[in-house]
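Please examine the sequence and the model shown here before reading on. The paragraphs below are meant to be followed with the structure open.

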Amino acid sequence: MKLVDSFNKPASRKHTVVYDKQRTKVRTARARIARASNDIEKKPLLKELKEARSIMFKLPAKMQDDKKLKYIRYADDFIIAVKGSKEDCKEIKQKLSDFIANVLKMELSEEKTLITHSNDYARFLGYDVRVRRNNQVKASGKYTQRTLHNSVELSIPLDDKIMKFLFSKNIISQEQDGVIKPRRRTQLNNCTPLEIISTYNAEIRGICNYYSLASNFYKISYFSYLMEYSCLKTLAMKHKSSISKVIKKYKDGKGKWGIPYETKSGSKRRYIAKYSDCKDSKIFSDNIFHAENKYKLTKTTLEKRLIAKECELCGTTESKQYVLHHVNKVKNLKGKHHWEKIMIAKRRKTLAICVECHHKIHYCNKSTK
C-alpha cells in the first residue's frame, strides 16, 4: 500500500487540449444544425459535423501524465498493472525484489517475473491477459464511443492449456502429418456407458466454466468437438462397434444422442455437455472433477447407486436430490467426522449421499480449516 500511495498520481486534466478543441467544434456544428430551418441549410452542416467527428475520434482523448499501480494476487501467483513508463516498471520490480529478499527472505524468479507491455499477453491464473488497443467506434446508448479501447481482455491460451490437457488425458493424438485426431480412452473400458459420458461431461464443464470469461470463448468449440468424438470412440470400443452404430443406438428420436438410465423416478437420458451452456456460467472454479479415476476404481456402478436413491450417510430415501461425494485418497482421511469413519470402514472413496448431507460435509470442511 505504501508503494501504491507513493506511485499513484492524478492526471493534470481529463482530456487533451486538442481533443477538447475538436469536441467544441463538434458541439458547435450540432447547435447550428438544430437552429437550421430547412434541409437545404442542414446538408452542408451535417457534412461539416461528420468531418469534425471523424477528426475527433482520431485524436488521443485522455491525458497520459497520470500514474496508477494495481496489485492482484491469488495464492503464490500475482500480477502488477502499471500505468507509467518502462523505467517505472523496472524501478517497481527492483523494489519488489528487495522487499522479497530482505523482508520475506525469499528470492524472486527472474525468469517468471517479466515486464510486459499492456498490449501484449501476460499469463495469469491460466488466462492470457492484456489491455486492448482498439480505436473502433461503436454505438453505446445514445452516444458513439471507442468501447473496446483500454479495456482488459481475457483470452484462452489454447495450445498451452487446452491442447496440453487433451494430450495429458489421452483424449487426442497427433499424426505424423500434424493432424489432430480424437482417440479412445482404454482406461475407461471397464466403466459403464453412463460413467463414460459422465466422465467427459465433468471435464468439459470444468474447462468451459473456468474459461467462460474469455473473449475468444467461441474457439473452445474445437475442444468440445474433440471431447465428444473421443467419447463416441470410447463408447464404440466398449460396445466393440463403430461410432455411427453407437450414435444410432443412443439416438433419442429428436436428432440428439444420449445415454439412457433408470432411476426411482423413471427413465432419464444423459447427453454430452455443451460448451455453449457454460458461456454465462457463474461458476469460475479451476477445479476439474476427476470422474475418470472415481468410476474406474469404484465397485458399485453409478446406475445402481442412482437407482437405490438412498443416502449412504443418514439413510434417508426422501431427499429430492442425491449426489456422489468423492475424496482423493481414503488413507488421507483422519476419521474425525462421521462421514470419514464410514468411508474408512467401507474402504471407499465415494459415498452416494443426499444433498443435505453433502452441504453438511462441506460446511464441516470449511469450519475445520
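The text that follows moves from the nonpolar cores to selected strands and helices, and then to the salt bridges.

The structure is a predicted model. Its largest nonpolar core has 40 residues, and those with the most contacts inside this core are Ile162, Leu166, Tyr211, Ile220, Phe223, Cys231 and Trp257. The elements that contribute two or more residues are the strands E4 (127-131) and E10 (258-263) together with the helices H5 (158-168), H6 (193-210) and H7 (221-239). Helix H6 supplies the largest share of this core, eight residues.

Tyr211, one of the residues with the most contacts inside the core, is a convenient point from which to inspect these surroundings. Which residues does Tyr211 contact, leaving aside its neighbours within four places in sequence? The contacts of Tyr211 are Gly126, Tyr127, Ile156, Pro157, Lys161, Ile162, Phe217 and Ile220. Two of these partners, Ile162 and Ile220, are themselves listed among the core residues with the most contacts. Apart from this core lies another, of 14 residues, among them Leu333, Trp339, Ile342 and Leu351.

Leu351 leads to strand E13 (residues 350-354). In a regular strand, side chains alternate between the two faces of the sheet. How, then, are the two faces of E13 covered? Thr350, Ala352 and Cys354 are buried on one side, while Leu351 and Ile353 are buried on the other. Because five of its five residues are buried, E13 is largely enclosed by the rest of the structure. Strand E12 (residues 322-326) pairs with E13 in the antiparallel sense over five bridges. Within this pairing, Thr350 of E13 is the bridge partner of His326.

The next residue to consider is Glu340, in helix H11 (residues 338-346). Is Glu340 buried or exposed? Its relative accessible area is 9%, so Glu340 counts as buried, the cut-off being under 20%. A polar atom of the Glu340 side chain lies 3.1 Å from the backbone nitrogen of His337. Not counting residues up to four places away in sequence, Glu340 also touches Leu333, Lys334 and Gly335. Of these, Leu333 is among the residues of the 14-residue core.

A contrasting case is Lys249, in helix H8 (residues 243-249). Lys249 has a relative accessibility of 53% and therefore counts as exposed, for which the threshold is over 50%. Ile259 lies 10 residues from Lys249 along the chain, and the C-alpha atoms of the two are separated by 9.3 Å. Ile259 also takes part in strand pairing: its bridge partner in E11 is Arg270. Strand E10 pairs with strand E11 (residues 266-271) in the antiparallel sense over six bridges. A hairpin through two residues joins E10 to E11. E10 is also one of the elements that give two or more residues to the largest core.

The charged side chains form the last part of this account. How many salt bridges does the model contain? The count comes to 11. One of them joins the side chains of Asp20 and Arg23, with an N to O distance of 3.3 Å. Both residues lie in helix H2 (residues 17-35), three residues apart, which is about one turn of the helix. Asp20 is buried at a relative accessible area of 19%, whereas Arg23 is partly exposed at 25%. Arg13 joins Asp20 and Arg23 in a network of salt bridges.

Another salt bridge links the side chains of Lys95 and Glu91 at 3.4 Å, N to O. These two residues are four apart in helix H4 (residues 86-102), again about one turn of the helix. Both partners are partly exposed, with relative accessibilities of 41% for Lys95 and 43% for Glu91.

The side chains of Glu203 and Arg185 also meet in a salt bridge, at 2.9 Å, N to O. Where do these two residues lie? Glu203 is in helix H6, and Arg185 is in the loop between strand E9 (180-182) and H6; the pair, 18 residues apart, links distant parts of the chain. Both Glu203 and Arg185 are buried. This pair leads back to the starting point, for H6 is the helix that gives the largest core its largest share of residues.

Key. Residues numbered from 1 in each chain as written. Predicted model: local features only at pLDDT ≥ 70, side-chain atom pairs only at ≥ 80, totals over all residues. Heavy atoms only, no water. Core = buried A, V, L, I, M, F, W, Y, C linked by side-chain atoms within 4.5 Å. Buried < 20%, exposed > 50% of the residue type's maximum accessible area, 1.4 Å probe, protein only. Contact = heavy atoms within 4.5 Å. Pairing = 2+ DSSP bridges. Polar contact = N/O pair within 3.5 Å; in protein donor to acceptor, adjacent residues only side chain to side chain. Salt bridge = Lys/Arg side-chain N within 4 Å of Asp/Glu carboxyl O.
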